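This report describes the fold, the helices and the strand pairings of one protein, and begins with how its contacts are spread along the chain.

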Amino acid sequence: MYSATASAWDHRTFPGAVPRSFLPAVITALFAKPLLALYNVAGIFTTSVDVQIMVRVLIAGVFAFACANLTYTLSRRFGGSTAAWFTIWTLAQFHIPYYAGRTLPNFMALPWFLLGISFILLQEEFWGVLFITATATVLRLEIAAFVVPTALQLVITKRMTLRNALLAGAIGGFGSLLFAAPLDYWLWAPTLPHDQLPGFTAKHTLWPEFSAMLYNIVDGKASDWGVMPRHFYAVALGKSLAGALPIALFGLLWAAIQNITGKTRGVLGNRNQARAVSEIAKTLLPGAVCLIAALSTVEHKEWRFIVYSYPVINMIAAATSAGLTYVSVHNYPGGQVHTELEALGIPKNSTIHFHSGALQTGATLFTFTHANFPHSSVFPDPLEPRWIYSKDEDVALLDPENAWEAGIDCVVTPDFQKFLSAKRHGHEKMWSLVGGIKGVAGVGRGGKYGVEVKWRPELGVLKRERASCDH
């Protein structure tokens with residue numbers, strides 16, 4: 001087979017800078033070939049460009065699967081909001097989605113890297129270290145700068161024994177070479193040495209990544225492709241991660257406060273998100289930092305060399321975003337009023353009056369779930385019993401006695417203390433507090449965790465004394 005087709009293979013006429021492993025390309029070809037043959041016979045493909053597009057779609061599909069698997073892991077471990085925010089951050093950033101289908105070795109490696117960190121987050125550390133080590137060995141050796149400190153951190157935190165960490169690394173490294181080395185030697189040997197690599201021989205292809213590392217780093221050939229300043233990756237992270245980076249940095253501050261105080265409960269009031277930030281930062285961030293630091297010493301730099309740090313930073317940003325979302329939701333107490341009303345057993349045809357404070361913070365027609373609206377094909381039928389919702393801005397209705405005289409059964413207002421203290425004819429109480437919604441008063445220092453969210457009552461739900469909304 002080799003002799004019949006080798007002369008047409010691109011690596012025979014354009015070997016490239018340094019040899020890389022053929023294993024990912026061969027695996028991709030094994031999955032792509034049946035589909036390509038079918039589409040070709042069916043006449044769907046008209047040029048070889050169509051074949052390239054199909055191969056890239058397949059590679060992007062593998063990445064999508066790995067990313068979805070990691071998202072599912074985040075959902076299982078830290079909740080759906082963290083998983084959702086991770087997806088949002090990943091898709092909102094340009095580079096990874098755009099390059100996900102490219103045949104660059106970095107993006108052939110990325111799906112396997114994602115599977116590896118998914119294993120670690122699922123507390124299957126042995127398989128995680130094995131997968132990432134195999135990926136580093138065959139696809140991109142710089143990933144070793146991530147997996148070594150990560151494995152060490154797992155040992156230090158007693159999530160792995162040193163023996164298991166070494167065993168996982170050995171199986172991942174030597175096991176992957178057992179598959180890749182014979183294939184790479186067989187396919188690369190006829191092309192070496194060539195004019196651009198006079199010092200490369202067939203033996204160098206027994207471990208292409210190691211040979212490439214010696215060539216680029218030890219021999220200093222990487223600088224032939226350009227020399228960048230030490231701070232290049234700091235700028236690249238800012239550009240590539242966009243809004244996720246400051247959110248992640250805030251999350252790291254959050255985790256640092258927890259480590260200093262020794263507490264595990266949520267600094268911002270959400271225990272699950274605080275745990276997510278802390279665990280991801282402790283387990284995976286050291287590897288990401290070491291990867292960036294190690295590659296910063298190499299003169300030639302490209303953002304794709306540190307792309308493996310992006311998911312880690314996005315996960316921290318996602319967990320922090322979920323925590324901030326929890327806080328931010330409470331800035332809109334009007335949007336929660338309908339759940340309070342639902343629990344009160346308000347009778348049919350009761351009038352519920354909303355003051356502007358509720359209407360300006362989320363109470364809208366969409367939350368008037370018992371309103372007697374005309375039938376619409378867009379909206380479901382209103383819930384029973386039907387109520388009358390009032391948004392009348394007549395200033396007279398801000399007065400408790402006028403509202404009572406107007407026959408209003410329930411009032412939703414931020415000025416509930418005024419209604420509670422009102423007396424009719426100087427002696428009779430007119431309104432009772434039957435529900436309320438808290439809002440965020442601010443986030444500041446204090447509490448036993450060093451930082452706390454301060455809450456205050458924002459809206460009160462009051463019922464008319466001896467009126468039909470008694471329950």
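A contact here means heavy atoms within 4.5 Å. By that criterion, residues 24 or more positions apart account for 70% of the contacts in the protein with a separation of 6 or more. The model is predicted, and its pLDDT averages 85, with 86% of the residues scoring at least 70. Two stretches call for care in reading: over residues 264-269 the pLDDT is below 50, although the model gives this stretch 27 contacts beyond near neighbours in sequence, and over residues 467-471 the pLDDT likewise stays under 50, with 16 contacts beyond four places in sequence.

**Overall composition**

The protein contains 20 helices and seven strands, and 46% of its 471 residues count as buried. Its exposed area comes to about 23500 Å², of which carbon and sulfur atoms supply 63%.

**Nonpolar cores**

In soluble globular proteins, nonpolar side chains tend to be buried together. In this model the largest nonpolar core has 77 residues, and those with the most contacts inside it are F113, L114, I117, F146, I280, L284 and M315. Helix α7, which spans residues 105-121, provides the largest share of this core, namely nine residues. Setting aside residues up to four places away in sequence, L114 touches F63, A66, C67, L70 and P311. A second, separate core of 17 residues includes L341, Y389, V412 and I437.

**Helices α8 and α9**

The following table sets out the dimensions of two helices.

| Helix | Residues | Length | First to last C-alpha | Expected span |
|---|---|---|---|---|
| α8 | 125-138 | 14 residues | 20 Å | 20 Å |
| α9 | 144-156 | 13 residues | 18 Å | 18 Å |

Because 11 of the 14 residues of α8 are buried, this helix is largely enclosed by the rest of the structure. The buried residues are E125, G128, V129, L130, I132, T133, A134, T135, A136, T137 and V138, and what covers them includes α3 (23-41), α7, α9, α10 (162-188) and α11 (208-218).

In α9, the buried residues are F146, V147, P149, T150, A151, Q153 and L154, and F146 is also among the residues with the most contacts inside the largest nonpolar core. Just after α9, K158 adopts a positive phi of about 65°.

**Strands β1, β2 and β3**

Which strands does β1 pair with, and in what sense? Strand β1, residues 351-354, pairs with β3 in the parallel sense over three bridges, and three bridges also join β1 to strand β2, residues 388-390, with the two running parallel. Individual positions can be placed within these pairings: I352 stands opposite C410 in β3, while the bridge partner of T351 in β2 is I388.

In a regular strand the side chains alternate between the two faces of the sheet. For β1, T351 and H353 point one way and I352 and F354 the other way, and all of these are buried. Strand β3, residues 410-413, is likewise covered on both faces, with C410 and V412 buried on one side and V411 and T413 buried on the other. Of these residues, V412 is included in the second nonpolar core, as is Y389, a position that lies within the residue range 388-390 of β2.

Notes
Residues are numbered from 1 along each chain as its sequence is written. This is a predicted model: local features need pLDDT of at least 70, side-chain atom pairs count only at pLDDT 80 or more; totals for chains, interfaces and linings use all residues. Side-chain values use heavy atoms; hydrogens and water are left out. Buried means under 20% relative accessible area, exposed over 50%, partly exposed in between (1.4 Å probe, protein chains only). Helices (H or I, at least four residues) and strands (E, at least two) are DSSP runs, numbered from the N terminus. Two strands pair if DSSP finds at least two bridges between them. The expected span of a helix is 1.5 Å times one less than its number of residues. A nonpolar core is a set of buried Ala, Val, Leu, Ile, Met, Phe, Trp, Tyr and Cys residues joined through side-chain atoms within 4.5 Å. Accessible areas come from the Shrake-Rupley method with a 1.4 Å probe; for residues, only the protein chains shown count as cover. pLDDT is the predictor's confidence in each residue, from 0 to 100.
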